[in-house]
Amino acid sequence: MEDLFAGGAKEQLSMIFMQQNDGSFSKENVPAFVKDLYCEDVDAAAFDADGDKDTDLYIVRGGGEVSAGSPLLADRLLINDGKGGFSESMEGALPFTANNGSCVAPCDFDNDGDIDLFVGSRSVPGLYGLSPNQLLLENDGHGNFSDVTDQRMKRFKKIGMVTDACWVDYDQDGDKDLVLTGEWMKVSVLMNNKGMFSDGTRRAGLDETSGWWNCIYPADIDLDGDIDLIAGNLGLNSILKLIK
């Protein structure tokens with residue numbers, strides 16, 4: 001049965017709700033959440049990080065009220081004991097980055113049988129408009145992640161103010177490519193060639209898509225067997241208007 005994680009804002013505990021046989025949900029007590037009461041949870045992903053066949057939880061932290069590098073911005077990896085109990089991963093399982101995060105997208109980008117992560121960052125706290133560091137984290141198969149951004153996608157480390165990400169096999173070569181959206185960005189396609197990334201935005205016909213993008217979602221909209229993209233831009237109901 002599908003369970004639910006709900007991230008908390010500052011001074012609001014995150015929650016895990018376990019689904020019951022009758023379709024209702026019961027709130028679980030997770031002690032690991034208490035120490036993070038003053039953090040802002042902005043995204044999360046449930047996946048098997050350590051290869052033991054149960055679902056672990058990666059939580060992205062963000063916010064503009066503290067400086068980049070603050071422990072309040074450090075992401076968390078919670079390991080499932082196989083019975084729905086979660087505890088913090090071992091020290092060193094994640095690199096300390098502490099960016100103003102925006103999203104996380106799990107994928108085995110190097111096709112080695114374990115789940116890796118792209119972690120997006122939205123802005124540099126206090127310096128809106130500068131491009132923050134994006135992260136590509138490689139899993140060793142046991143839930144230990146290393147930062148391989150400089151080795152595999154250095155050109156795109158500061159690609160922009162990323163708001164969302166998804167993985168699709170755009171060129172149908174058997175490995176997943178990375179699609180990013182962001183503020184003042186194009187909908188960008190990073191082509192995956194055996195774990196090394198290059199810019200495929202123009203090839204994908206998206207070179208003229210600059211906008212204030214909020215989200216991206218992959219789906220086979222026309223049911224033709226390949227994956228299309230649904231992207232959310234700034235709406236016409238915004239208080240910000242273009243003056244001509």
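N111 sits in the loop between β8 (100-107) and β9 (116-123). In this predicted model, N111 has a positive phi of about 55°, although it is not a glycine. That is worth a second look, because most residues other than glycine have a negative phi. Q172 is another residue to visit: its phi is also positive, at about 55°, and it is not a glycine either. You will find Q172 in the loop between β12 (161-168) and β13 (177-185). Is Q172 buried or exposed? Its relative accessibility is 61%, so Q172 counts as exposed.

Let us go back to β8 and the sheet it belongs to. This open sheet has 4 strands in the order β8-β9-β10-β11, and the pairing is antiparallel. At its edges stand β8 and β11 (145-147), each with a single partner strand, so one side of each is left without a neighbour in the sheet. Neighbouring strands here are turned by 25° against each other on average, direction ignored. Strand β10 (residues 135-139) joins β11 in the antiparallel sense over 3 bridges. To locate this pairing, start from E138, whose bridge partner in β11 is S146.

Now for another sheet. It is open as well, with 4 strands in the order β4-β5-β6-β7 and antiparallel pairing. Its edge strands are β4 (41-47) and β7 (86-88), each of which pairs on one side only. From one strand to the next, the twist averages 25°. As in any sheet, the strands pair through backbone hydrogen bonds. The table lists the neighbouring pairs of this sheet, with facing residues to look for.

| Strand pair | Pairing | Bridges | Facing residues |
|---|---|---|---|
| β4 and β5 | antiparallel | 6 bridges | D41 and R61 |
| β5 and β6 | antiparallel | 3 bridges | Y58 and L77 |
| β6 and β7 | antiparallel | 3 bridges | N80 and F86 |

Strand β5 (residues 56-61) deserves a closer look. How many of the residues of β5 are buried? The count is 6 of the 6, so this strand is largely enclosed by the rest of the structure. In a regular strand the side chains alternate between the two faces of the sheet. In β5 both faces are covered: D56, Y58 and V60 are buried on one side, and L57, I59 and R61 are buried on the other.

Next to β5 in the sheet order is β6, and R76 is found in that strand. R76 has a relative accessible area of 6%, which is under the 20% cut-off, so R76 is buried. Which residues does R76 touch, leaving aside those up to four places away in sequence? They are A32, K35, D36, L57, Y58, I59, R61, E88 and L94. Among these contacts, L57, Y58, I59 and R61 are also among the buried residues of β5.

Finally, some enclosed empty space. The model has 3 cavities of 30 Å³ or more, and the largest cavity holds about 40 Å³ of space. Its lining is made up of G8, A9, Q12, L13, S14, F33, D36, L37, C39 and D41. By type, these lining residues divide into 5 nonpolar, 3 polar and 2 charged. Two names in the lining, D36 and D41, have already come up: D36 is one of the residues that R76 touches, and D41 stands opposite R61 in β5.

Notes:
Residues numbered from 1 in each chain as written. Predicted model: local features only at pLDDT ≥ 70, side-chain atom pairs only at ≥ 80, totals over all residues. Heavy atoms only, no water. Pairing = 2+ DSSP bridges. Helix = DSSP H or I, 4+ residues; strand = E, 2+ residues; numbered from the N terminus. Axes fitted to C-alpha atoms, helices over the stretch in contact; angles between N-to-C directions. Buried < 20%, exposed > 50% of the residue type's maximum accessible area, 1.4 Å probe, protein only. Contact = heavy atoms within 4.5 Å. 1 Å grid on protein atoms, 1.4 Å probe; cavity = no way out; pocket = protein on both sides within 12 Å on 5 of 7 lines; lining within 4 Å. Points joined across faces, edges and corners; volume = space filled by probe spheres on them. Nonpolar A, V, L, I, M, F, W, Y, C, P; charged D, E, K, R; others polar.
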